Every structure is written in structure tokens, then in C-alpha cells.
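The exercises below concern one protein chain. Work through each task with the sequence and the structure in view, then compare your steps with the solution.

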Amino acid sequence: MSRTASVSRKTNETSVSVAVNIDGTGASTISTGVGFFDHMLDQLSRHSLIDMEIKTEGDLHVDDHHTVEDTGIAIGQAIAKALGDRRGITRYASLDLAMDETMTRAAVDVSGRPFLVWNVAFSAPKIGTFDTELVREFFNALAQHAGITLHIQNIYGANNHHISETCFKAVARVLRTATEIDPRQAGRVPSTKGSLA
């Protein structure tokens with residue numbers, strides 16, 4: 001069964017279109033108008049092996065906030081739609097991810113119950129022109145609209161670019177594992193309740 005989905009979302013602030021293939025190879029075409037964010041989304045796609053086509057046009061003359069948050073909403077909605085009833089998935093995953101001086105931990109439950117635990121601090125308000133507080137805004141939007149419980153903790157690190165990048169890469173890797181089909185599940189929903197919601 002194909003685990004693909006497309007979502008379009010239009011408001012007075014942004015126009016977003018997203019297409020995902022959960023069982024892809026990590027190929028991506030991304031354009032949000034925010035260079036650093038595009039770089040982070042490319043990491044998310046590449047390391048999750050989820051193919052992503054993302055096109056966002058937003059009110060960047062105001063700031064990057066609406067563009068980042070609404071892109072996270074649309075990606076989350078597309079992932080939730082592609083997963084359907086989440087039958088046969090591994091469901092849980094956790095990982096410690098190292099990048100140079102930085103270590104970040106991510107854990108996920110693809111549960112249908114959205115929640116974000118964010119234990120990440122940046123030492124500066126910006127990475128280039130990008131507001132570091134928007135990293136949390138993205139993951140909150142993603143978790144809420146994908147219907148996942150997501151915990152992200154930066155254990156240590158000095159470079160803010162590395163801290164952000166390890167967040168995206170660690171989340172990518174746990175999403176890859178948790179959304180993979182577990183052959184031992186034999187097509188069952190991985191919950192004693194019989195549904196993930």
C-alpha cells in the first residue's frame with residue numbers, strides 16, 4: 001500500500017503545498033524562501049528517507065515565523081495522512097545523535113497523541129538571519145499535526161547551527177525507524193486499544 005499524501009494550506013499569511021512519500025529515499029525539492037530553514041528541511045527528508053516536496057510562499061516581509069510554523073503544520077498533516085491508521089508501524093524510536101561537539105537526543109511515539117517536550121537552549125537569538133526560537137515552533141507544529149509524541153533534548157553543544165541541525169537529524173532518524181513497517185506486526189495497529197488516536 002502506498003504511503004503517500006499531499007496537503008495544500010492557504011491563509012492570508014502563507015500558501016503551502018507539501019507532498020510526502022513515507023517509503024521514499026530521502027529525495028527532496030524544498031523552497032520556503034528561508035535559506036537556513038530549507039537546509040534543515042533537506043536534512044529532515046534525507047535522514048528520515050521520507051521524500052518531500054515543499055513549496056511555501058509566506059509573508060517574509062514581516063518575518064519568518066508564519067512561514068516556518070505553517071510549513072511544519074502542512075508537513076505534519078501530510079505525514080499523518082500518509083500513515084493512515086498507522087497499521088503495522090514500529091511506532092516507537094529513540095536516538096542519541098552526535099555532530100562534532102554537539103549531542104542531541106530525540107524520542108518519538110507515533111501514537112496519534114500530539115505532544116512536544118522541548119529541552120533545547122540556544123546561546124544566541126539568531127543563526128545568521130534565522131530566529132533560533134523558530135526551531136521549537138517548527139517541531140511543535142510538526143508534532144501537533146502529525147499526531148506524534150516527540151521529545152527533543154540537546155545534551156550538550158556549543159555551535160548553534162550544530163544544535164539546530166542535530167535536532168532535525170535526530171528527529172529524522174527516529175521518524176524513519178518509528179514509521180517503518182514491522183513485519184512481526186502482521187498488519188496490526190501497534191496498540192492494545194486497537195487504534196492509535
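A residue counts as buried under 20% relative accessible area, as exposed over 50%, and as partly exposed in between. The model used here is predicted.

**Exercise 1. A salt bridge across the chain**

Task: Find the salt-bridge partner of R3 and state whether each of the two residues is buried, partly exposed or exposed.

Solution.
Step 1. Side chains of opposite charge can pair when their charged atoms come close. A salt bridge requires a nitrogen of Lys or Arg within 4 Å of a carboxyl oxygen of Asp or Glu.
Step 2. The side chain of R3 meets that of D23, with 2.6 Å from N to O. This pair fits the rule, because 2.6 Å is within 4 Å.
Step 3. The two residues are 20 apart in the chain: R3 sits in the segment before β1 (4-10), and D23 in the loop between β2 (14-21) and β3 (28-31).
Step 4. R3 has a relative accessible area of 7%, so R3 is buried. D23 has 46% relative accessibility and therefore counts as partly exposed.
Step 5. By the same rule, the count of salt bridges comes to 10.

**Exercise 2. A network of charges**

Task: Which residues are linked with R91 in a network of salt bridges?

Solution.
Step 1. Start at R91, which forms a salt bridge with D109; their closest N and O atoms are 2.6 Å apart. R91 lies in the loop between α2 (65-83) and β5 (92-99), while D109 belongs to strand β6 (residues 102-109), 18 residues away.
Step 2. Look for another partner of D109. The side chain of R113 also meets D109 in a salt bridge, at 3.8 Å from N to O.
Step 3. R91, D109 and R113 are thus linked in a network.
Step 4. Check the accessibility. R91 is buried at 6% and D109 is buried at 10%, whereas R113 is partly exposed at 37%.

**Exercise 3. The open sheet**

Task: Give the strand order of the four-stranded open sheet and say which strands stand at its edges.

Solution.
Step 1. Strands of a sheet pair through backbone hydrogen bonds, either parallel or antiparallel.
Step 2. The order is β5-β6-β10-β7, and the pairing is mixed.
Step 3. β5 and β7 (115-119) each have a single partner strand, so they stand at the edges and one side of each has no neighbour in the sheet.
Step 4. On average, neighbouring strands of this sheet are turned by 10° against each other, direction ignored.
Step 5. Take one pair in detail: β5 and β6 are antiparallel and share eight bridges. The bridge partner of L97 in β6 is T104.
Step 6. Add the helices. Helix α3 (residues 133-146) lies across β7 and β10 (149-156) and runs at about 155° to β7. Helix α4 (residues 160-179) touches β5, β6, β7 and β10, and its direction makes about 150° with that of β5.

**Exercise 4. The nonpolar core**

Task: Which residues of the largest nonpolar core touch the most other members?

Solution.
Step 1. This core has 54 residues, and F138 and F139 touch the most other members.
Step 2. Helix α4 supplies the largest share of the core, nine residues.
Step 3. Leaving out residues up to four places away in sequence, the contacts of F139 include L116, W118, L150, I152 and F168.

Notes:
Residues numbered from 1 in each chain as written. Predicted model: local features only at pLDDT ≥ 70, side-chain atom pairs only at ≥ 80, totals over all residues. Heavy atoms only, no water. Buried < 20%, exposed > 50% of the residue type's maximum accessible area, 1.4 Å probe, protein only. Pairing = 2+ DSSP bridges. Axes fitted to C-alpha atoms, helices over the stretch in contact; angles between N-to-C directions. Contact = heavy atoms within 4.5 Å. Core = buried A, V, L, I, M, F, W, Y, C linked by side-chain atoms within 4.5 Å.
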